[in-house]
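My notebook is open and I want to get to know this structure piece by piece. I'll begin with one residue and work outward.

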Amino acid sequence: MLGPPVIVKLASRALIAIGGEDWRGFLQGLLTQDVETIAPGEARFGALLTPQGRLLYDLFIVARADGCWLDCAAERRAALLQRLTIYRLRAKVTIAADDSPVFAAGGDRPEGEGWLLDPRLPALGWRGYGVAETQAGSEADYERHRLSLGVPGPADWGEDSAYPLEADFDLLNGVDFRKGCFVGQETTSRMKRRGTIKSRMLPLDFEGPAPEAGAEILAGTLRAGEVLSGLGGRAMALVRLDRIEGAALTVDGRACAVVRPDWLPSPLAGEGVAAGDG
């Protein structure tokens, strides 16, 4: 990221503390990730979806001795708390905001307890929970690192607009297809099984400043996708897999190119990518 180890406080992330004797079963029926087998000191990546299978909230589930933390987008924590409370019904579960900070680090594992390898991709580095308050880099540095690896984030998938397979959750350890039911499972499993995913979030390279979010990517005169989040020279984009292979792409009249990250299995286009196990 910036040399070992560089620690960044992620002000964009916040925690929800989940406890009570039913906490595992409660989350198991909601989230895309297996919660029953997670061990204290382990982190897993997942999401809470709409019943129609679209992404609502991305989550890191951080298991503790008596429950877990849910690491979520700070601006969406209040809404997630409200939704979890609605789902709780009679389950013996406690749900509360926790204002402990969230950290990320690149390079070697920082010293001390509370540092866990990012479950999406080892190259992303470490996430810190309950660690000493320290910082040597900015969140913009972390975003550049994420973009350099071609990993999408919350700014790319928004809320109730993208499917988890479009956002590469299946390739970044965000969906466990072997677990039991979860909210939105029917649509998610059907897309995976049938290989019907037509678009993926992939990194886009270009010269100059990043185009505005929503800028159209063209393959000749055909729409091939749209720009999502980005910084100078690199952005994430939602692209049509059947229109990018071998095509001369442009955005805002500038040449651009979709880059295949190392973690993305071949082939890049068509049903082979959609059906990959990741």
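**Entry: V259.** I looked up what V259 touches: leaving out residues up to four places away in sequence, the list is L202, P203, D205 and R234. Contact here means heavy atoms within 4.5 Å.

Before going on, a note to self: this is a predicted model, where local features need pLDDT of at least 70 and side-chain atom pairs count only at pLDDT 80 or more, while totals for chains, interfaces and linings use all residues. Residues are numbered from 1 along each chain as its sequence is written, and side-chain values use heavy atoms, with hydrogens and water left out.

V259 sits in the loop between β15 and α6 (271-274). Those names come from DSSP runs, numbered from the N terminus: helices are H or I of at least four residues, strands are E of at least two. Is V259 buried or exposed? Neither: I found it partly exposed, because its relative accessibility is 26% and the class covers what lies between buried (under 20% relative accessible area) and exposed (over 50%), with a 1.4 Å probe and protein chains only. I also checked V227, which is 32 residues from V259 along the chain; their C-alpha atoms are 14 Å apart.

**Entry: β15.** Next I followed the strand before that loop. β15 (residues 254-258) runs antiparallel to β10 (residues 199-206), with 3 bridges between them; two strands count as paired if DSSP finds at least two bridges. D205 of β10 has A257 as its bridge partner. β14 (residues 249-251) is also joined to β15 by 3 bridges, again antiparallel, and there L249 stands opposite C256. The hairpin of β14 and β15 has 2 residues between the strands, and D252 takes a positive phi near 55 degrees.

**Entry: the open sheet.** I traced 5 strands in the order β3-β4-β5-β2-β6, with antiparallel pairing. The edges are β3 (43-49) and β6 (94-98), each paired on one side only. From one strand to the next the twist averages 30 degrees. Axes are lines fitted to C-alpha atoms, for helices over the stretch in contact, and angles run from 0 to 180 degrees between N-to-C directions. Between β2 (residues 13-19) and β6 I noted 5 bridges, with I16 partnered by A97. Helix α2 (residues 77-88) packs on this sheet, touching β2, β3, β4 (55-64), β5 (67-73) and β6, and its direction makes about 175 degrees with that of β6.

**Entry: α3.** Which residues of α3 are buried? I got E139, D141, Y142, H145, R146 and L147. Among the elements covering them are β1 (6-9), β7 (102-106) and β9 (126-129). R144 is in this helix too (residues 139-148), but R144 is partly exposed, at 45% relative accessible area. Just after α3, G150 takes a positive phi of about 70 degrees.

**Entry: the largest pocket.** Its volume is about 330 Å³. Of its 20 lining residues, S12, R13, E139, E143 and P154 are closest to the centre. β4, α3 and α4 (154-157) each give two or more residues to the lining, and α3 has the largest share with 4. A pocket is an open set of points on a 1 Å grid over the protein atoms alone, where a 1.4 Å probe fits, with protein on both sides within 12 Å along at least five of seven lines; lining residues have an atom within 4 Å of a point. Grid points are joined across faces, edges and corners, and the volume is the space filled by probe spheres set on the points.
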